Amino acid sequence: MVPIETTCSLESFRKFIIVSTCRSFIPESYFRDFEVFPEREEGPGAIYIEAADKVTLKKIREMTFVNAKEILGIIYSSKSGNTQLKWRQTRRRSGKVHGTASPNALVNMVEAGVLTQEWVDQYIASTKGAAPEGQENAAPQA
């Protein structure tokens with residue numbers, strides 16, 4: 001898993017959540033509305049929107065779509081448990097993302113504009129030549 005600590009807009013993080021969870025079935029009007037966010041019940045894959053004002057719109061499959069204003073924070077975890085991210089508001093519609101992400105989540109974060117491709121390329125370059133976790137003292141395989 002890749003440690004993440006970056007800043008991004010609320011809209012970029014919203015798009016990341018949609019791309020990662022419900023892009024194939026979110027109504028187009030919800031996708032275009034910057035105040036509509038998907039939420040999912042607690043447990044594996046929980047998504048929670050912390051907002052000053054939140055109204056439930058519709059439940060589709062396992063997702064509940066909410067209209068939320070004045071977002072303070074978002075907690076996102078993937079169903080696999082490999083991605084755990086939190087977005088915290090720092091200024092109006094900007095915030096800080098921190099947590100860990102899977103390789104698949106990295107792809108979705110680049111697509112949504114949370115991370116840049118250059119960031120991912122630099123991360124990969126910085127890990128080349130480094131021993132995999134737990135393999136520091138392992139003997140080379142023949």
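Trainee: In which loop does Arg61 lie?

Mentor: The model is predicted: local features need pLDDT of at least 70, side-chain atom pairs count only at pLDDT 80 or more, and totals for chains, interfaces and linings use all residues. Residues are numbered from 1 along each chain as its sequence is written, and side-chain values rest on heavy atoms, with hydrogens and water left out. Helices (DSSP runs of H or I, at least four residues) and strands (runs of E, at least two) are numbered from the N terminus. Arg61 belongs to the loop between strand 3 (47-60) and strand 4.

Trainee: What is the phi of Arg61 near?

Mentor: Most residues other than glycine have a negative phi. Arg61 is exposed, with a relative accessible area of 59%; exposed means over 50%, buried under 20%, and partly exposed in between (1.4 Å probe, protein chains only). Arg61 is not a glycine, yet its phi is positive, near 55°.

Trainee: Which residue takes a positive phi in the hairpin of strand 5 and strand 6?

Mentor: Strand 5 and strand 6 are antiparallel partners over seven bridges, where pairing requires that DSSP finds at least two bridges between two strands. Two residues lie between the strands of this hairpin. The residue in question is exposed at a relative accessible area of 73%, and its phi is near 40°. It is Arg92.

Trainee: Which residue of strand 6 stands opposite Arg88?

Mentor: The strands concerned are strand 5 (84-91) and strand 6 (94-101). They pair in the antiparallel sense. Opposite Arg88 stands Lys96.

Trainee: How many bridges join strand 1 to strand 6?

Mentor: Strand 1 covers residues 2-9 and runs antiparallel to strand 6. One facing pair has Ser9 opposite Ser94 in strand 6. The number of bridges joining strand 1 to strand 6 is eight.

Trainee: Is Gln84 buried, partly exposed or exposed?

Mentor: Gln84 lies in strand 5 and touches Tyr76, Ser77, His98, Gly99 and Thr100, leaving aside residues up to four places away in sequence; a contact means heavy atoms within 4.5 Å. Its C-alpha atom is 9.7 Å from that of Pro3, although 81 residues separate the two in sequence. The relative accessibility of Gln84 is 39%. Gln84 therefore counts as partly exposed.

Trainee: How far apart are the end C-alpha atoms of helix 1?

Mentor: Helix 1 has twelve residues, 10-21. The expected span is 1.5 Å times one less than the number of residues, so helix 1 should span 16 Å. The value in the model agrees with this expectation, the end C-alpha atoms being separated by 17 Å.

Trainee: How many residues of helix 1 are buried?

Mentor: Helix 1 is mostly covered. Its buried residues include Phe13, Arg14, Phe16, Ile17 and Thr21. Of the twelve residues in helix 1, the number buried is nine.

Trainee: What is the relative accessible area of Thr21?

Mentor: Thr21 is found in helix 1. Not counting residues up to four places away in sequence, Thr21 touches Pro38, Arg40, Ile47, Met63 and Tyr76. Thr21 is buried because its relative accessible area is 16%.

Trainee: Which residues are buried on the two faces of strand 2?

Mentor: Strand 2 spans residues 36-39, and both of its faces are covered. One side holds Val36 and Pro38. The other holds Phe37 and Glu39.

Trainee: Which residue in strand 4 is the bridge partner of Val36?

Mentor: Strand 2 and strand 4 (residues 63-77) pair in the antiparallel sense over four bridges. Val36, in strand 2, is buried at a relative accessible area of 1%. Beyond four places in sequence, Val36 touches residues including Arg14, Tyr30 and Phe65, and its C-alpha atom is 6.5 Å from that of Phe65, 29 residues away along the chain. The bridge partner of Val36 is Asn67.

Trainee: What percentage of the 142 residues in the protein is buried?

Mentor: The protein has four helices and six strands, in the sequence pattern β-α-α-β-β-β-β-β-α-α. Its C-alpha trace spans about 60 × 30 × 25 Å along the principal axes. Of contacts with a separation of 6 or more, 53% join residues 24 or more positions apart. Buried residues make up 39%.
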